[in-house]
Amino acid sequence: RDLHSSPTRRSSDLSLNQTATVIQPIPEGEPHHKDSLFKTISNIMFLGLGTSALAIVKVPYHISIIMTPVCIVLGGIANIWSYHILGDLYERYKINNYEHLCEKVCGRKMTLFLVITLNIYTVGLLLIHQVLIFRLLGGIINVIGGYDYDSMLTFLSDTYWSEIWVKICVNFGIGILIIFPLCLITDMKKLNISSTVGVFTTAFIFVVVLYQFPFYFIEYLNLEYKENDERTHINIYNVERGFTNQLQFLQAFALFFFCFTGHNGLLPALEHLENPTPARRAKLYNIAIAMDMIIYLVIALCGYLSVPVDVVDIVFERKRLPQWPKDVVMTIARILLLAMAASKIQVNHNIWRISFVSYIGKDHRKITLKFNAIFTGITLFLTTLISSVYQNIVGYISLIGCFCVVFPAFLIPPIMYMYTCGLPKTHWKVVSQIILGSVLCIIGYISGILVLIDIINGDK
């Protein structure tokens, strides 16, 4: 078989024992602009960076400081591996849509499952970022408004901010005034602003965590550390906490495997790369993931060492020090994180819109403003209503993430490699790719089952 055919050939011509008739993807065309290597690196960094950074501070407590870098590096390597497969396929077929590429190589049935999982996860991200915006706004008002609750979550639960009418009014107000206009933007060049906001926000939080860490650590040594009480000791090498009945060690691995993922947005980023040679693309993946790894490592270790006894989220729950009654820098970080969450909604809504429009056989670049406004309005109305009425949906979103991320991130790429590499399916290279993807999927599914057990037991 000639597996290096043009993108206009049917996917049934690409693999053995495959007879499904496939709707042809719309020609993607040439991008309107090209991005420099630095800009594309920022875009790919932004695909992975997000709310995962808020959860990783608890990882060293469970699996030890020594094992945390190991998890981060393994997660980064796993994503570089799958990025390389997708990048090679983009270079071959010049298809900038993940669903179209999957349909080209694997057929319509697998693409249908891919579309379902991606769209469930994307809508889940819309919900979680809307909840995040409401909570961040509450934390900002807690400081600026003079309420001065030590913990942001205390303000969210003990004041008028917990009233359902406040949640509905605030969320719909933000949706109408900010989110809806942002989501109407379809120009990819304007959407690049989102990655700039995201990378700048993460860099600022990175600096804030580094700056505040010594002060919190001194506070811990003076007030909380007790030599004879192991519960107050820093977990440097003890991994036993990760092997309780909740298998936190496995969940930590799953978190770092998935906090780099952004496969649905990788192909559009590659389309706009200036001079996209194989060496340039390889440099792109390696630098972007390496930068994400450094950011995650610093936030995880310094965040944990700031509150090593009662490990809490450093943005939402960490109490202010006496010398910083207002904690201005963290308040600024929350404002930037709010802007980043809004830009994440914009990006994920754009992915959701493109996926929906493309799969029904239309060119997403030719949709009318009226259609865009109606589609955006319906989507935001439903997600805003759900996120306002039931903010505890965040726990279920993590469950959706465990089950929906692994398939497009780690199983589809090796399957596409199997169909297009030109090697027998029993060749060791093919088998090793499939085994690696399957193992990562199993880790994700087991992690999802553990999250489900936590939800049933009322722990999340």
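Buried means under 20% relative accessible area, exposed means over 50%, and partly exposed is anything in between. At 43% relative accessibility, Lys94 therefore counts as partly exposed. Keep those words in mind for the views below, all of which come from a predicted model.

**View 1. The whole chain is built from helices, with no strands.** The protein chain has 16 helices and 0 strands. Of its 460 residues, 55% count as buried. Take the contacts between residues at least 6 apart in sequence: 81% of them join residues at least 24 apart. The accessible surface comes to about 20,400 Å², and 67% of that belongs to carbon and sulfur atoms.

**View 2. Lys94 sits in a loop and takes part in a salt-bridge network.** You'll find Lys94 in the loop between α4 and α5 (98-106). Its phi is near 55°, a positive value in a residue other than glycine. Most residues other than glycine have a negative phi. The side chain of Lys94 meets that of Glu91 in a salt bridge (3.5 Å, N to O). Glu91 has a relative accessible area of 28%, so this residue is partly exposed too. Zoom out a little and the network of salt bridges links Asp88, Glu91, Lys94 and Arg281.

**View 3. Two other salt bridges, Arg108 with Glu103 and Arg231 with Asp229.** A search of the whole structure turns up 5 salt bridges. In the one between Arg108 and Glu103, the closest N and O atoms are 3.0 Å apart. The two partners are covered to differing degrees: Arg108 is partly exposed at 25% relative accessibility, whereas Glu103 is buried at 4%. For Arg231 and Asp229, the closest N and O atoms are 3.1 Å apart. Arg231 is out in the open, with a relative accessible area of 66%, so it counts as exposed.

**View 4. Ser64 is a buried loop residue with a positive phi.** Look in the loop between α3 (59-63) and α4 (67-93) for Ser64. Its phi is about 90°, although Ser64 is not a glycine. With a relative accessible area of just 1%, Ser64 is buried.

**View 5. Phe134 and Trp161 stack face to face in an aromatic cluster.** The structure holds 13 aromatic pairs. In this one, the ring centres of Phe134 and Trp161 are 4.9 Å apart and the planes are at 15°, so the pair is stacked. Phe134 belongs to helix α6 (residues 108-144), and Trp161 to the loop between α7 (152-158) and α8, so the pair ties together parts that are 27 residues apart in sequence. Both Phe134 and Trp161 are buried. Phe155 and Tyr160 join them to form one aromatic cluster.

**View 6. Phe371 and Phe375 make a stacked pair within helix α14.** The ring centres of Phe371 and Phe375 are 6.2 Å apart, with their planes at 10°, so this pair counts as stacked. The two residues are 4 apart in helix α14, so about one helical turn separates them. Phe371 is partly exposed at 30% relative accessibility, while Phe375 is buried at 12%.

**View 7. A nonpolar patch on the surface draws on α8 and α14.** The patch covers about 870 Å² and is made by Ile164, Trp165, Ile374, Ile378, Phe381, Leu382, Leu385, Val389 and Tyr390. The elements giving two or more residues to it are α8 (164-183) and α14 (369-389). Helix α14 supplies the largest share, 6 residues, and Val389 is placed in that helix.

**View 8. Inside, the largest nonpolar core brings together 100 residues.** Those touching the most other members are Ile44, Tyr98, Leu101, Ile133, Ile179, Leu284 and Met416. The largest share of the core, 12 residues, comes from helix α15 (residues 394-420). Apart from it lies another core of 5 residues, including Ile65, Leu301, Leu305 and Val311. Back at Ile179, and leaving aside neighbours within four places in sequence, the contacts are Ile133, Ile174, Ala342, Ile345 and Leu380.

**View 9. Arg334 is a buried arginine in helix α13.** Helix α13 spans residues 328-359 and includes Arg334. Its relative accessible area is 7%, so Arg334 counts as buried. Leaving aside neighbours within four places in sequence, Arg334 is in contact with Leu136, Gly139, Ile140, Val143, Met152, Val315 and Phe316.

Note on methods:
Residues numbered from 1 in each chain as written. Predicted model: local features only at pLDDT ≥ 70, side-chain atom pairs only at ≥ 80, totals over all residues. Heavy atoms only, no water. Patch = residues over 30% accessible without salt bridge, like charges linked within 9 Å, V, L, I, M, F, W, Y side chains within 5 Å. Areas by Shrake-Rupley, 256 points an atom, 1.4 Å probe, with all protein chains shown as cover. Salt bridge = Lys/Arg side-chain N within 4 Å of Asp/Glu carboxyl O. Core = buried A, V, L, I, M, F, W, Y, C linked by side-chain atoms within 4.5 Å. Buried < 20%, exposed > 50% of the residue type's maximum accessible area, 1.4 Å probe, protein only. Contact = heavy atoms within 4.5 Å. Phe/Tyr/Trp six-rings, centres within 6.5 Å; stacked < 30°, edge-to-face > 60°.
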